[in-house]
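Thanks, everyone. I'll keep this short and walk through one model. Please have the viewer open as we go.

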Amino acid sequence: MTNEQERQDPPAASMPEEQASSEPESAPAEEKNPPPVPDLRTARVLDARDHPNADRLLVMDINLGAETRQIVAGIVGHYELDDLKGKPIVVVANLQHAKLRGEVSQGMLLAAENEEGRLGLLLAPDAEAGTRVMPDNGPEPDPEISFQGFHENTLLAGPEGVTMNGAPLQGTRLVMDRGVFGKLR
């Protein structure tokens with residue numbers, strides 16, 4: 001036993017017998033809560049336009065199946081506005097709404113960037129707008145998650161498929177636009 005352990009943990013013999021026997025022998029070093037569960041859904045881009053107050057952001061109207069939403073995305077320089085219209089993207093539908101330079105964003109599209117700086121969107125070409133994408137038998141999405149909470153998850157796109165926290169995503173066929181693979185953000 002080190003001197004520091006002796007200072008922090010009194011010897012079991014000095015504890016009352018009941019207390020010593022009811023204490024767990026060893027607790028896990030780190031008990032992590034599971035990350036907030038994102039609600040990943042397919043959407044179609046209805047319209048895309050330049051953000052009125054930011055050079056690096058675009059504003060998009062998307063069809064999410066049962067509703068139309070506006071999202072703001074930092075993909076300027078990677079996609080032309082006309083190329084986005086009709087794209088079958090995947091979005092985080094339960095992300096807290098945020099005002100980005102004066103425009104409300106009601107979700108976030110998923111994309112990966114490779115080592116060369118090339119960006120590719122996560123696409124769901126065969127799905128109807130609003131289709132849920134999640135791991136098989138995965139937990140139900142949380143009602144709302146923060147941007148930080150979303151990033152507690154690890155979403156990876158590779159040639160073999162897309163995973164969230166190591167589990168393959170199910171619901172529809174997913175492909176990476178432009179063959180770009182990596183961490184989805």
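Start in a loop. Arginine 101 sits between β5 and β6, and β6 covers residues 103–105. Keep in mind that this is a predicted model. The backbone at arginine 101 has a positive phi near 55 degrees, and the residue is not a glycine. Buried or exposed, then, for arginine 101? Arginine 101 counts as exposed, because its relative accessible area is 56% and the cut-off for exposed is over 50%.

There is a second case. Asparagine 137 also has a positive phi, near 60 degrees, and again the residue is something other than glycine. Look for asparagine 137 in the loop that runs between β10, residues 132–135, and α4, residues 147–150. Its relative accessibility is 76%, so asparagine 137 is exposed.

Now the strands. Take β10, since we have just passed it. Which strands does β10 pair with? One is β1, residues 40–50, antiparallel over 2 bridges. In that pairing, leucine 40 faces valine 133 of β10. Another is β13, residues 167–170, again antiparallel and again with 2 bridges. There, methionine 134 sits opposite glutamine 170 of β13.

Go back to β1 and step across to β4. These two strands run antiparallel, and 5 bridges join them. One contact to find on screen: arginine 41 has valine 91 of β4 as its bridge partner.

How many residues of β4 are buried? The strand spans residues 88–92, and 5 of its 5 residues are buried. Side chains in a regular strand alternate between the two faces of the sheet. In β4, Pro88, Val90 and Val92 point one way. Ile89 and Val91 point the other way. Both sets are buried.

From β4 we can move on to β7. The two strands are antiparallel, with 2 bridges between them. Valine 92 stands opposite methionine 108 of β7. Hold on to methionine 108, please. We meet that residue again in the pocket.

Next, the hairpin of β2 and β3. Strand β2 covers residues 58–63, and 6 bridges tie it to β3 in the antiparallel sense. Isoleucine 62 has arginine 69 of β3 as its bridge partner. Between the strands of this hairpin lie 4 residues. Glycine 65 has a positive phi near 90 degrees in this hairpin. As for cover, 5 of the 6 residues of β3 are buried.

That brings us to the pocket. The largest pocket holds about 420 Å³ of space. How many residues line the largest pocket? The count is 21, and nearest the centre are Val72, Ala73, Gly74, Met108 and Phe147. So Met108, which stands opposite valine 92 in the β4 and β7 pairing, is here among the residues nearest the pocket centre.

Which strands supply at least two lining residues each? They are β3 (68–73), β5 (98–100), β7 (108–109) and β8 (111–113). By residue type, the lining holds 12 nonpolar, 8 polar and 1 charged.

A word on rings. How many aromatic pairs does the structure hold? The number is 0. There is a charge over a ring, though. Arginine 178 lies over the face of tyrosine 79, at 3.8 Å from the ring centre.

Last, two contacts between residues far apart in sequence. Proline 125 is in the loop between β9, residues 119–123, and β10. The relative accessible area of proline 125 is 31%, so proline 125 is partly exposed. Its C-alpha is 7.8 Å from that of valine 175, and the two residues are 50 apart along the chain.

Arginine 185 belongs to the segment after β15, which covers residues 182–183. Arginine 185 is partly exposed, because its relative accessible area comes to 42%. The C-alpha atoms of arginine 185 and leucine 155 are separated by 7.6 Å, with their positions 30 residues apart along the chain.

That is the tour. Over to you for questions.

Terms used:
Residues numbered from 1 in each chain as written. Predicted model: local features only at pLDDT ≥ 70, side-chain atom pairs only at ≥ 80, totals over all residues. Heavy atoms only, no water. Phe/Tyr/Trp six-rings, centres within 6.5 Å; stacked < 30°, edge-to-face > 60°. Lys NZ or Arg CZ within 6 Å of the ring centre and 35° of its normal. 1 Å grid on protein atoms, 1.4 Å probe; cavity = no way out; pocket = protein on both sides within 12 Å on 5 of 7 lines; lining within 4 Å. Points joined across faces, edges and corners; volume = space filled by probe spheres on them. Nonpolar A, V, L, I, M, F, W, Y, C, P; charged D, E, K, R; others polar. Buried < 20%, exposed > 50% of the residue type's maximum accessible area, 1.4 Å probe, protein only. Pairing = 2+ DSSP bridges.
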